[in-house]
Amino acid sequence: MARGSLRVEAVWSRTEGPARALAAQLQAETPGCAPEAFHGESGLQAILEGGSVEAVIIVLAAHVQVEVAKRALTVSYTHLTLPTTPYV
């Protein structure tokens with residue numbers, strides 16, 4: 001998704017269905033957007049080790065979000081955004 005300097009290259013979910021659905025929705029609603037869908041532990045690892053990600057937005061249940069955020073920070077992203085309201 002291109003808006004100014006923002007481009008969504010990948011989306012991730014713990015399971016395949018939601019990841020594919022979000023990627024398809026972004027592609028349908030945003031011209032030129034074709035994010036790759038990743039899921040599961042291997043998908044998360046692939047994104048974190050990919051080397052081309054500059055920012056991460058994490059929206060997960062609090063008990064999962066903390067661990068994923070810690071992992072993302074160890075990869076030195078320039079920007080890490082967490083939601084300010086609880087996600088249940």
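A residue is taken as exposed when its relative accessible area is over 50%, as buried when that area is under 20%, and as partly exposed in between. The structure described here is a predicted model. By this cut-off Arg20 is exposed, because its relative accessible area is 52%. Glu16, with a relative accessible area of 35%, is partly exposed.

Arg20 and Glu16 are joined through their side chains in a salt bridge, with an N to O distance of 2.6 Å. Both residues belong to helix H1, which spans residues 16–29. They are four residues apart, about one turn of the helix.

The structure contains three salt bridges, one of which is the pair just described. Another is formed by the side chains of Arg7 and Glu9, where N and O are 2.4 Å apart. Arg7 has a relative accessibility of 58% and therefore counts as exposed. Glu9 has a relative accessibility of 45%, so this residue counts as partly exposed.

A salt bridge also connects the side chains of Glu41 and Arg71, at 2.8 Å from N to O. This pair links distant parts of the chain, since Glu41 lies in helix H2 (residues 40–49) and Arg71 in helix H3 (residues 62–74). The two residues are 30 residues apart. Arg71 counts as buried because its relative accessibility is 18%, which is under the 20% cut-off.

Contacts were also examined around Ser13 and Arg14. Ser13 is part of strand E3, and Arg14 is located in the loop between strand E3 (10–13) and H1. Ser13 has a relative accessible area of 16% and is therefore buried. Arg14, at 47% relative accessibility, counts as partly exposed.

When residues up to four places away in sequence are not counted, Ser13 touches Pro18, Ala19, Phe38, His39 and Gly40. With the same neighbours in sequence left out, Arg14 touches His39, Gly40, Leu60 and Val64. His39 and Gly40 thus appear in the contacts of Ser13 and in those of Arg14. For Arg14 and Gly40, the C-alpha atoms are separated by 4.6 Å, although the residues are 26 residues apart along the chain.

Methods
Residues are numbered from 1 along each chain as its sequence is written. This is a predicted model: local features need pLDDT of at least 70, side-chain atom pairs count only at pLDDT 80 or more; totals for chains, interfaces and linings use all residues. Side-chain values use heavy atoms; hydrogens and water are left out. A salt bridge is a side-chain nitrogen of Lys or Arg within 4 Å of a carboxyl oxygen of Asp or Glu. Buried means under 20% relative accessible area, exposed over 50%, partly exposed in between (1.4 Å probe, protein chains only). Contact means heavy atoms within 4.5 Å.
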